[in-house]
Amino acid sequence: MSEPIGTSVPPRRPATPPIAVSATTTEVNKTGAWKYIRPVYHDRVAPCNQGCPAGVDVEGYMALLREGKIDEAAELLALEHPMPAVTGRVCNHPCESGCNRGHFDGAVAIHAVERMLGDRLLAAAPPAPAAPTRTERVAVVGSGPAGLACAYHLAAMGYPVDVLEREDRAGGMLRQGIPEYRLPRDVLDAQIRRIEASGVTIHTGVQVTEATLPEIRSRYSVIFFATGAYLGRLLGVEGEELPGVWQGLDFLRRVNAGLRPPLGERVAVIGGGNTAMDCARTALRLGARPIVVYRRTRDEMPAIAEEIEDAWREGVEFVFLAAPTAFRTADGLLSGVACARMKLADAGPDGRRRPVATGESLFVQADTVLLATGEDPELEPWPEEVVRGGAVAIDEWGETASPLVFAGGDVSGDERTVARALGAGKRAAIGIDRALRRRAGVATPDTSALRWGPTGAPSVARWRDADPVLRVAPLNEVVPFEDVNTAHFQLRPRNADRHAALDAAGAPFAEVNGGLGDDVALVEAGRCFNCGVCNECELCLIFCGDVAISHSHDGGRFDIDMNFCKGCGVCAAECPRGAISMTREGL
Amino acid sequence: MRKVIVGNHAVSWGVKLARAEVIAAYPITPQTQIVEELSEMCASGELKARFIKVESEHSAMAACVGASATGARAFTASSSQGLALMHEMLHWAGSGRLPIVMADVNRALGPGWNIWTDQTDSLAQRDTGWIQLYCETNQEVLDTTIMAFRLAEQVDLPVMVVLDAFFLSHTAEPVDIPDQELVDRFLPPRRARYKLDVDDPHSYGALVRPDDYMEMRWHLQDAMHDAVARFDGVETEWATLVGRSYGAVESYRTEDADIALVTSGTITSTARHVIDQHRENGEKIGLVKIKMFRPFPTDALRLALAGIDRVAVLDRNFSPGQGGIFAAELRSALYDLPAEDRPAIYGYVLGLGGRDVTPAVIDGIIDHVRMPGIPARADLWVGVKA
Amino acid sequence: MRELRIHGRGGQGAVIASKLLAAALFHEGRWVQSFPAFGVERRGAPVAAFVRIDEVPIRLRCEVTQPDDIIVLDPTLLTAVDITAGLKPGGSILINSEGLPGDFPALIGRFRVATVAAGEIAARNHLGSRTQPIVNTAILGAFAACSGLVGLESVCAAIEEDVPQHAEANVRAAREAAAAVQVGGLAAQEVSHV
């Protein structure tokens, strides 16, 4: 059987369309019915935010800088941080250690961006002081970073705060310990003036002792102790009492006070932390020839890497794997340090490799020795019940065993950095507010949602319900590098700080690190991945094959039309910053 | 405005006057000047088009396909190996019925590496669903470029405007450049029959089963058929405005002729010069120029060659294993004519890879084709060295 | 129809000279065609460009093999290439040279020879560098004066219209060269006017 061959030339126009086009709009095809997983926008936590011991919203201000909102970025920073111009210079920036960009082309130079914003705040008109809305008065003892942070955040909450400082100038370790070439005093002074302008009153020359404590307790509802750690540790070796063997911190305090103690030619600095680096570089600036004696190697030194680098570059000498065993004299004068030669054994409980003696010895000549192996807090006027293990014991929010007595910073045995002290001050401010509100019978917010990530410091803005950043379905988890889609970023190496050479003849204490400068700092901010936080880059919208994503009309960022989202996951895969995750449908 | 410009810039001017909206191209000698000039026109703002830099010719055509699918007027240009690399995407434009316009500067394919003129590159793309229009002068290049957009958008088919390497692309001669206002009257903004539209979303290019594919191909054939007549209409409209037209097929001095040369591209021009000389000697010889190769203008050619005894087809191209491509197509078009009406067709392959075709070469072909008793056999290769 | 060939070296502007000459002739109402020798050449290598001139539209689309006129932009080409190849007997040669037509005895007698110190004129007008002056506009001025084929004013107008940089200096060079050209050969007074 044959069938007719049909239309011949010229035929009718067939009903089939001329191209492969759907007869109806694709909207009738509810591809959403296919999905078994669906995308969800979640703002997560950038590793820098979790890494910051002071609880700063680093990613938040980077996102504002990307939009060109420099003033808003500076304000967001100031919300969580009383002294960015200081930490932009002296912080050990653990935020950068966590930065996901470090796995790509170098961590964002967050410290330099912070410094730019901090300097911008100092150049601007001071903020109007917060009007006191609370009747409870708070005394803060000590005007170092922990004390000033606590006072700053409490003042913002409406508390009248008095800071009591025993020295004649505020600043604590920032002024006593940190050399001018790292932290120019005009910057420090301006930063403290800005804190005062925000509503904090500082009383200098006021020493709180066991005798004066009861009177202070009667005048204030709460006391926060942030008295620091100023007692230099001894090594317990022969000759430590000899003239010429000094505590490094005492040496720094004298130089920072304007004195120029005679050092002789060779100065041995014992230790590998920031105090040791400060001592060595200060001695260098006074014309001496410093030698750092450290019992481990450069890799184990706890000092900030840039400080070690600067010391090295300026000509400080290092003797590694040497542990002092005795200080020696010749002709009645100090002649040097006898040391045991060490080697590195397996890692100890702190994770660092332990030094063990090899049996060999060496001798380091020195006219002066500066001990920089750590400091301990003065525990007067503390009652016995609040002291544990040589430091003041506190709970998560800074409260001691004595009710309404709070403490924090170096005095409580934290890792002794400026950022940690700032975080301790902030935690105590939240703790004090919480305690006082509870006493007044007021319900207090849940503290479990305050931290930046599972191990981060808290956000005081969140505690105050004053966080200006839109957060969509936030998840308190940190974005790992694997969740960053680097295909959407170009390699742009980290910008290096500008470093001035040591100028012994001219101004040896002039600031060494010049930062990046405003323009380069903004470029550097543009390197931020904005890990975990949607910045409306629109790649999800562009890549969605079902045109299911659109800009939100109800205050969010994007809406997904689940009638058409078929759960392919391309939005989550393409999201450069891990702000979209796929979840099981119906669960 | 009349200017002395090279053929490549005649294309650029045509594209500018046609107000192309998207241009995507990758450079290749001898086409580069076309898009170089267009990129400068875009940069200076005199042409408000999106210029897309791409990493290959395949991507250039892909970009044009995407742009055209949104309803934009898209243009690209290429040559030789570049055009060959586009091949797959040429089908997407043709069978996708997207009215893209492309200039192809005819250049020989390698190896051996050769940048000179040869039509094999464009002719190798004859089955991709593109209309092909070959040009003889820079004026024709400019006019054809503008007309190509009009034709393409009338029949929803892409158009390839073809010009010879160097003999047109790099040769400067006077060209009348029409006023924008006049071109705007001739070529209104594109109104796409189908276009990507988020407010009326349709799916495009999806799977088509055996029970529909053939009908779509019939539509394509029908559109090609339609294009022959439409081209006449487009030319008539253009001629009313500027006084110039070319014809899908043009007869030159074929009245009472016994012998006709069939040519395309710039060989036509030199051949006209030769025909004039022979006519001065009283010889009955003429010329038929093929401008439109796809769709193949069968009816027009039958008409043009009616009454001619012998036809010499000059092919600056060849299909290996077959011969000159125009000759083969012409034989096929005339085969079913009654034997007494069908001229004898002689194929001459010449000028490959840019070898010069001088009046003397054409004289030699005329001498050959009128020799008594020669059989119409496989194509003769002209001037191959011993 | 008249056909002309320009010899130069890559980078000296021979192709631009051919285009400017075509434009100048077009302004005078002629039909013209100009094109480079088809191919690829590097800077410094000998190159050529062509101009066809007629009173009717030009149909020939093949290479120029028997020119009527030759222009030589660089005197060192005289020993590098056969600049007279295909030149019709009695044809003209204009050479950029500080010498006089009589200094080219191999050419004089067979062809009309003219010379102009176009390099010196171009350098004086700061066209190109002193060691590598760009002579194409100067030599066109000289060609206008010695050939009578095209008016000097048309050449200057074409330069003003089509040379994007230093148009004024180029026009000055063309005028100076027109005044300085030396004509010799078959008979100096036998300057043809088409």
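## A strand pair to start from

Let's begin in chain B, where strand 9 runs antiparallel to strand 11 (residues 285–290), the two being joined over four bridges. One of the residues involved is B:Y252, whose bridge partner in strand 11 of chain B is B:L287. Please keep in mind that this is a predicted model.

The pair belongs to an open sheet of six strands in chain B, with the order 9-11-10-13-14-15 and mixed pairing. Strand 9 (249–252) and strand 15 (380–381) of chain B are the edge strands; each has a single partner strand, so one side of each has no neighbour in the sheet.

## The two domains of chain B

Where do the domains of chain B begin and end? The assignment gives domain 1 as 2–242 and domain 2 as 249–381. Their C-alpha centres are 28 Å apart.

How many residues does each domain of chain B bring to the contact? Domain 1 of chain B brings 27 residues, and domain 2 of chain B brings 24. Between them, these two domains bury about 2200 Å², with 57% of that area on carbon and sulfur atoms.

## What holds a place at the chain B domain interface

Charged pairs appear here too: six salt bridges are found across the interface of domain 1 and domain 2 of chain B. In a salt bridge of chain B, the side chains of B:E136 and B:K289 meet at 3.0 Å, N to O. The interface between these domains also has 18 residue pairs in polar contact, counting pairs with both residues at pLDDT 80 or more.

Now for the elements on the domain 1 side of chain B. Helix 6 (120–123), strand 6 (131–134), helix 7 (138–155) and helix 9 (210–242) of chain B each give at least two residues to the side that touches domain 2 of chain B. Helix 9 of chain B gives the most to that side of domain 1, with five residues. By class, the side of domain 1 of chain B that touches domain 2 of chain B has 14 nonpolar, six polar and seven charged residues.

## Where chain B meets chain C

Chain B also has a partner chain. The contact between them takes 27 residues from chain B and 19 residues from chain C. About 2000 Å² is buried between chain B and chain C, and carbon and sulfur atoms give 62% of it. Which three residues supply more of the area that chain B buries against chain C than any other three? They are B:V4, B:F167 and B:P174, which supply 22% of that area.

Two salt bridges are counted between chain B and chain C. The side chains of B:E173 and C:R61 form a salt bridge at 3.0 Å, N to O. Eleven residue pairs are in polar contact across this interface, both residues being at pLDDT 80 or more. On the side of chain B that touches chain C, strand 1 (2–6), strand 8 (172–176) and helix 10 (267–280) of chain B are the elements that give two or more residues. Helix 10 of chain B gives the most to this side, with five residues. The side of chain B that touches chain C divides into twelve nonpolar, eight polar and seven charged residues.

## The two domains of chain A

Chain A has its own pair of domains: domain 1 is 129–230 + 377–444, and domain 2 is 234–375. The centres of these domains of chain A, taken over C-alpha atoms, are separated by 32 Å. In their contact, 16 residues of domain 1 of chain A meet twelve residues of domain 2 of chain A. Together the two domains of chain A bury about 1100 Å², 44% of it on carbon and sulfur atoms. A:Q176, A:Y181 and A:R182 lose the most area on the domain 1 side of chain A, together 48% of what that side buries.

Three salt bridges are found across the interface of domain 1 and domain 2 of chain A. The side chains of A:E167 and A:R253 meet in a salt bridge at 3.0 Å, N to O. Six residue pairs are in polar contact between these domains of chain A, both residues being at pLDDT 80 or more. Helix 8 (residues 173–176) of chain A gives the largest share of the domain 1 side that touches domain 2 of chain A, namely three residues. That side of domain 1 of chain A has seven nonpolar, two polar and seven charged residues.

Note on methods. Residues are numbered from 1 along each chain as its sequence is written. Chains are lettered from A and ligands numbered from 1 in the order in which they are written. This is a predicted model: local features need pLDDT of at least 70, side-chain atom pairs count only at pLDDT 80 or more; totals for chains, interfaces and linings use all residues. Side-chain values use heavy atoms; hydrogens and water are left out. Domain bounds come from an automatic or database domain assignment. Contact means heavy atoms within 4.5 Å. Buried area is the accessible area (1.4 Å probe) that two parts lose on being put together, summed over both. A salt bridge is a side-chain nitrogen of Lys or Arg within 4 Å of a carboxyl oxygen of Asp or Glu. A polar contact is a pair of N or O atoms within 3.5 Å; within protein, one must be able to donate a hydrogen and the other to accept it, and residues adjacent in sequence count only if both atoms are side-chain atoms. Ala, Val, Leu, Ile, Met, Phe, Trp, Tyr, Cys and Pro count as nonpolar, Asp, Glu, Lys and Arg as charged, and the others, Gly among them, as polar. Two strands pair if DSSP finds at least two bridges between them.
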